[in-house]
Amino acid sequence: MKEALDLRVTTALAAAHPDPEDLRGLLQELFDRYQTQQRLLDRLTHISDRYQNAERDRGQTYAENYQRKVRQIEKIVRISDHYQAMLRSLNEHLHTISTHDELTGLPNRRYMRDRLAQEMAYAERHQSVFSLALADIDRFKTINDTWGHSMGDQVLAHTAALLQSEIREYDVCSRWGGEEFLLLFPSCPLAEALLLAERLRESVAVPATPSDLPGVTVSVGLTEVRPGDSLDDALKRADTALYKAKDQGRNRVITLSGRGLA
């Protein structure tokens with residue numbers, strides 16, 4: 001039974017596209033097994049303690065029986081530790097697939113929402129600013145229609161990897177939806193963020209490697225978020241700036257502050 005569960009856990013962790021519900025079911029089963037082992041361990045420990053007391057009171061050795069009890073306890077401890085390690089691995093895996101996009105490996109919209117809430121709170125507390133950039137792959141529908149959705153997926157993954165490789169260690173690049181990527185530049189005013197966004201745009205516009213991928217560009221809407229801003233308003237500004245970039249010919253960065261287009 002233990003071996004069968006081990007195999008199912010190993011298979012789930014190795015799966016390219018695991019089902020979150022299957023992982024949750026395995027987590028519950030592992031947790032139940034772990035609790036059972038812990039209860040058994042508690043009982044054996046109690047028996048062992050009573051046995052030692054009896055041995056002391058009666059003045060007899062009982063060495064062989066005592067060693068058997070110790071070996072039982074050691075075995076259960078090892079099994080419990082094994083289940084605990086699998087629980088930890090499954091839990092971490094489930095967290096990853098629930099907060100990261102399957103295709104690109106980037107943080108997903110859910111993760112980014114939580115991260116933005118943290119950054120909003122930090123900005124309010126320290127009266128600081130940060131910037132948001134909404135990047136959209138230009139003419140992505142044409143790529144899908146011309147080369148097929150498989151190529152579209154490759155373009156998405158390639159663009160995501162480029163963006164991720166160009167940001168700073170503490171920046172966050174997420175897949176916001178479809179062919180859109182939302183980037184967070186913490187503690188970064190608009191002028192500095194504009195330089196970062198232009199660098200990202202230029203890196204995507206470089207001919208793709210492998211060369212069988214179609215050429216891609218991105219349009220970017222950029223805004224600065226200040227204390228007192230609402231997150232929804234900031235996202236609307238980034239979206240408005242993005243569509244201005246599209247209207248003005250694509251493959252460009254347009255900024256929009258709380259005071260209007262820059």
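Does Asp101 count as buried or as exposed, and what is its relative accessibility? I shall open with that residue and then move through the rest of the chain. Please keep in mind that the structure before you is a predicted model.

Asp101 counts as buried, because its relative accessibility is 17%, and the cut-off for a buried residue is under 20%. Its place in the chain is the loop that links α3, residues 63-99, with α4, residues 109-126. If residues up to four places away in sequence are set aside, Asp101 touches Leu106, Pro107, Asn108 and Arg175.

From that loop we may step into helix α4, where Arg115 is found. Arg115 is likewise buried, with a relative accessible area of 17%. Again leaving out residues up to four places away in sequence, Arg115 touches Val172, Leu184 and Pro186.

Let me now turn to the chain as a whole. How many helices and strands does the protein chain contain? There are eight helices and six strands. Read from the N terminus, the order of elements is α-α-α-α-β-α-α-β-β-α-β-α-β-β. The chain has 262 residues, and buried residues make up 42% of them. Consider next the contacts between residues at least 6 apart in sequence: 70% of these join residues at least 24 apart.

I come to the interior. The largest nonpolar core holds 30 residues, and those that touch the most other members are Ile137, Phe181, Leu183, Phe185 and Leu222. At least two residues of this core come from each of the strands β1 (130-137), β3 (180-185) and β4, and from each of the helices α5 (140-147), α6 (149-166) and α7 (190-205). There is also a second, separate core of 17 residues, which includes Met112, Ala123, Val225 and Leu235.

Two helix pairs deserve our attention. In the first pair, the axes of α5 and α6 come within 7 Å and cross at roughly 140°. α5 is therefore oblique to α6. On the α5 side, Phe140, Ile143, Asn144 and Trp147 take part, and they meet His149, Met151, Gly152, Val155 and Leu156 of α6. The residues of this contact between α5 and α6 comprise six nonpolar, three polar and no charged.

In the second pair, α6 meets α7. Their axes come within 9 Å and cross at roughly 140°, so α6 and α7 are also oblique to each other. The crossing of α6 past α7 is right-handed. Here Thr159, Leu162, Leu163 and Glu166 of α6 meet Arg199, Leu200, Ser203 and Val204 of α7. This contact of α6 with α7 is made by four nonpolar, two polar and two charged residues.

I shall finish with one residue in a strand. Where is Val218 placed? Val218 belongs to strand β4, which covers residues 218-225. Val218 is buried, because its relative accessible area is 1% and the cut-off is under 20%. Neighbours within four places in sequence aside, Val218 is in contact with Asp136, Ile137, Asp138, Thr159, Arg201, Val204, Asn251 and Arg252. Several of these names have already come up: Ile137 is one of the core residues that touch the most other members, while Thr159 and Val204 take part in the contact between α6 and α7. Ser203, also part of that contact, is 15 residues from Val218 in sequence, and their C-alpha atoms are 9.8 Å apart in space.

Key. Residues numbered from 1 in each chain as written. Predicted model: local features only at pLDDT ≥ 70, side-chain atom pairs only at ≥ 80, totals over all residues. Heavy atoms only, no water. Helix = DSSP H or I, 4+ residues; strand = E, 2+ residues; numbered from the N terminus. Buried < 20%, exposed > 50% of the residue type's maximum accessible area, 1.4 Å probe, protein only. Contact = heavy atoms within 4.5 Å. Core = buried A, V, L, I, M, F, W, Y, C linked by side-chain atoms within 4.5 Å. Axes fitted to C-alpha atoms, helices over the stretch in contact; angles between N-to-C directions. Parallel < 35°, antiparallel > 145°, perpendicular 65-115°, else oblique. Left-handed = near helix turned anticlockwise from the far one by under 90°. Nonpolar A, V, L, I, M, F, W, Y, C, P; charged D, E, K, R; others polar.
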